[in-house]
Structures are given as structure tokens and as C-alpha cells.
Amino acid sequence: MPDFLRLRRFSFFFALVLLGGLLLAAPETHAQGKRRVIQFTGIVASGDSLLGVPGATVYVPKAGRGTASNAYGYFSLAVLAGDSIIIRSLGYANYLIVIPPDYQRQSYSIVVQLQEDATMLGEVRVFPYTTERDFKKAFLALRLPTERGSAAAANLNEELMNRIFRTQPMGAVANFRQTMQQQQFEYDRRQGMGPSQYSNNPLLNPFSWLQLIQQVKKGEFKKKDTDDY
């Protein structure tokens with residue numbers, strides 16, 4: 001067989017072997033490039049009391065997706081192997097967790113203890129003027145009303161105070177005092193020491209009738225000579 005035919009046959013055989021190797025290696029390469037989907041769950045708690053932190057955000061910055069913890073601090077989020085996840089909440093330091101790239105399970109659970117990170121904000125002074133110089137100028141030019149025309153003097157008006165006194169409803173103290181007086185009045189009436197319908201109406205009081213009879217017998221109701229009527 002000529003040498004050029006042998007060379008051509010060998011080149012063709014080598015091309016077939018190389019193409020077959022590439023076809024066999026392609027699925028394996030694709031499988032290695034595809035990351036596994038993992039269900040990431042956990043509880044966000046405070047570091048000092050282990051109480052659940054509600055409303056904490058669980059966020060994957062690169063993917064642009066996330067969730068928030070419920071009222072008990074529980075969260076659940078679908079992530080990919082190798083994702084970096086940031087857990088944050090107001091008043092606490094951020095917490096970073098990375099899912100291992102070679103993680104083989106379908107779920108990943110964790111209990112996160114956030115540490116307090118209180119920040120003291122600087123004092124903010126708000127003025128209705130552009131500069132402090134304008135504020136001082138307006139303050140020095142301020143003219144306070146006189147006592148006669150002030151609101152305090154108008155509130156001390158005698159007629160206004162009388163109207164408030166007559167129309168103002170009773171408060172808690174006045175209601176308590178009135179209730180106690182009513183109870184004492186009822187107790188005195190039952191004991192015969194308080195006013196009743198017999199003591200208030202002389203026609204129904206037997207002692208008043210006895211006194212009237214005695215006055216008639218004594219002639220206290222007879223007309224005297226000195227009387228002009």
C-alpha cells in the first residue's frame with residue numbers, strides 16, 4: 001500500500017477518535033458548569049437573647065433576589081451552590097454566608113445569630129432660615145405681644161372661665177366623689193339620720209302635726225290687737 005494512502009487512512013482514523021472524545025466529554029463539561037439548586041432555610045436570631053428577628057432580609061447580591069424572615073425569624077430561599085448570601089437587619093451587623101461550590105445536598109439549614117451594631121447619629125439642628133445669621137436677625141426683630149393682648153390673658157377672661165365651668169363634664173375624680181356622696185346619703189337615709197320625704201314635707205311628718213296642734217292650743221295663731229292685718 002502506498003505511503004500516502006496509509007497517511008490518509010491514519011489521519012481519518014485519528015479524526016474519528018478525536019471527534020468521539022469531544023462528543024463524550026461535552027456532557028461531562030456541561031454538567032460541571034451547571035450549579036446545583038439548593039433550598040436555603042434557617043432562623044435569624046439576636047445574639048444576646050436568641051429571639052427571632054422579624055423582617056430580616058436574606059439577599060443574594062449577584063443574583064438580585066432575596067426574601068425576608070417572618071415574625072419568628074424563619075426564612076426559606078432557593079439559591080445556587082457557591083452563592084454569597086447577605087443577611088441584614090436594622091440595628092444589627094451584616095452577616096455573610098457562602099454556600100460551598102461542591103455542596104451535594106438539596107437543602108442547607110443554618111441558625112444565624114446577629115450581633116447588635118448600634119450607631120449614634122450626629123445631632124441635626126433644623127432652622128427655618130438659610131443661615132444662622134438670618135435666624136439671629138429674625139429673632140432680634142421679634143416683637144412679643146403684650147400681656148393684655150396675649151393668648152394667656154384671653155384664656156383668663158371671666159366670662160370664658162364661667163362658661164367652661166358650667167359646660168365642662170365631670171372627670172374621674174368628680175365622678176368618684178359624687179358616687180361616694182350618693183352612697184353615704186343612702187346609708188344615712190336608711191339609718192334615719194338623713195333627709196327623707198317625711199322630713200322634707202311637713203304635711204307628712206307626724207312631729208310637724210304635733211307641733212301645729214300645740215301651737216293652736218296655745219293660741220299662737222289668734223289675731224292680736226297689735227297686728228295691722
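**Exercises on a predicted model**

**Exercise 1.** Determine which residues S46 touches, not counting residues up to four places away in sequence, and whether S46 is buried or exposed.

*Solution.* With contact taken as heavy atoms within 4.5 Å, S46 touches L51, V53, Y92 and L114 once residues up to four places away in sequence are not counted. The next step is to place the residue, and S46 lies in strand β1, which covers residues 37–46, strands being DSSP runs of E with at least two residues, numbered from the N terminus. Finally, S46 has 5% relative accessibility and therefore counts as buried, since buried means under 20% relative accessible area, exposed over 50% and partly exposed in between, with a 1.4 Å probe and protein chains only.

The model is predicted, so that local features need pLDDT of at least 70 and side-chain atom pairs count only at pLDDT 80 or more, whereas totals for chains, interfaces and linings use all residues. Residues are numbered from 1 along each chain as its sequence is written, and side-chain values use heavy atoms, leaving out hydrogens and water.

**Exercise 2.** Classify the aromatic pair formed by Y103 and Y108, and state which aromatic cluster holds them.

*Solution.* Rings of Phe, Tyr and Trp (its six-membered ring) pair if their centres lie within 6.5 Å, and planes under 30 degrees apart count as stacked, over 60 as edge-to-face and the rest as tilted. The structure holds 5 aromatic pairs; in one of them, Y103 and Y108 lie 5.1 Å centre to centre with 70 degrees between the planes, an edge-to-face arrangement. Both tyrosines, Y103 and Y108, are buried, and together with F40 and F75 they form one aromatic cluster.

Definitions and conventions: Helix = DSSP H or I, 4+ residues; strand = E, 2+ residues; numbered from the N terminus.
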